[in-house]
Amino acid sequence: MADGSRARKQRVLFVGLCCLDVISVCECYPGEDEDLPALSQRWQCGGNAANQSFVLSQLAPHSIEFFGSITDGPGAKFALNTLRESGVNCANCSMFKGYSFPSSCVICSLKSGTRTIVHHRGNLPEVSMEEFDKLDLKHYDWIQFEARRNVDQTLAMLEKVDRHNRTNSNQITVAVEIEKKEERLQVLLPKADVIFISKDFAKHLGYMDSRSALCGLYPQVRPGAMLICPWGADSADAMNGSGAVLHSNGYPTPIVRDTLGAGDTFIAGVIDALIKDCSLEECLLLGCKLAGYKCGVDGYSGLGKYWKQIYTKL
């Protein structure tokens, strides 16, 4: 394995959504028109990019920044304070006062181990190229983009990073997460060095397993890029320029408590492992173990300690 002690501190930027998750933990998922008591309820910072920045802040002492659209109000204040208290820099976020903050109502069923999400985007604008253009890219080593509905804006941001890499000595690793079931997001595949595609996205395109998704989609990525596809709790596969499909089994927790954010936890783990120069196969193994552990705890408690244990034993 790579010697993580020699990996220098990285400056990592996450671009995407921050929202408020209102989470109700129940014995089971309610039936229609049923009045079901919650065992507990809590507020939690949500959104893929925000979650990934929060988790990565627990795994290693990188310089981590979240960049997205925010607004005023108690929900936004709570979410941003959560990130800031974990050491995530939010100073460059785009402020839109008076807009509604995105929120999700989440029901976690202890019986089935599922999390059901009802998301309300509201009228808050997506992050734009105009705002992204204000960032000095010399401050970053890795930029992770969450693919959202602003595809044209995201393409423009990716092109800006490409121009930077063509004309500057400090090279930025570019990563993209494609989760949503939208075929048009395929245009982002050739724009990154590391691409995470979700099970939902792969199945939307007609692929029934991660291996076939990788083999079908890899011709669209740039030469030498890493294409990574976690398949829920079952496994994760990846492909790089070698053409071989690399695999890791899933590591389900004995008792499922909270699966919300497991995918974001996997991605944060893989990013840190890649930064530490682990092999791609080792990155999959570590990411799957960390995501499995996360499903057995409420929220993201204890991830840093567990990550240290599994990385040391690798």
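"Buried" here is for a residue with under 20% relative accessible area.

**View 1. The whole chain, with 54% of its 314 residues buried.** This is a predicted model. The C-alpha trace spans about 60 × 45 × 40 Å along its principal axes. A compact globule of 314 residues would have a radius of gyration near 20 Å, and the chain's 19 Å agrees with that. Counting up the secondary structure gives 9 helices and 14 strands. Take the contacts between residues at least 6 apart in sequence: 68% of them join residues at least 24 apart.

**View 2. Inside the largest nonpolar core, which has 53 residues.** Nonpolar side chains tend to be buried together in soluble globular proteins. Look for Phe-66, Leu-83, Ile-228 and Phe-266, the residues that touch the most other members of this core. Helix α7, residues 262–275, supplies the largest share of the core, with 8 residues.

**View 3. Zooming in on Phe-266 and its contacts.** Set aside the neighbours within four places in sequence, and Phe-266 still contacts Phe-196, Ile-228, Pro-230 and Ala-236 among others. Also on its contact list are Leu-284, Gly-287, Cys-288 and Ala-291.

**View 4. A second core, separate from the largest one.** This one has 40 residues, including Val-151, Met-157, Ile-195 and Leu-227.

**View 5. Out on the surface, about 14000 Å² of it accessible.** Carbon and sulfur atoms account for 51% of that area. As for charge, the chain carries 33 positive and 36 negative ones, and their mean positions are 5 Å apart.

Methods:
Residues numbered from 1 in each chain as written. Predicted model: local features only at pLDDT ≥ 70, side-chain atom pairs only at ≥ 80, totals over all residues. Heavy atoms only, no water. Core = buried A, V, L, I, M, F, W, Y, C linked by side-chain atoms within 4.5 Å. Buried < 20%, exposed > 50% of the residue type's maximum accessible area, 1.4 Å probe, protein only. Helix = DSSP H or I, 4+ residues; strand = E, 2+ residues; numbered from the N terminus. Contact = heavy atoms within 4.5 Å. Rg over C-alpha atoms; globule rule 2.2 N^0.38 Å. Areas by Shrake-Rupley, 256 points an atom, 1.4 Å probe, with all protein chains shown as cover. Lys, Arg positive; Asp, Glu negative; His and termini not counted. Charge placed at Lys NZ, Arg CZ, Asp CG, Glu CD.
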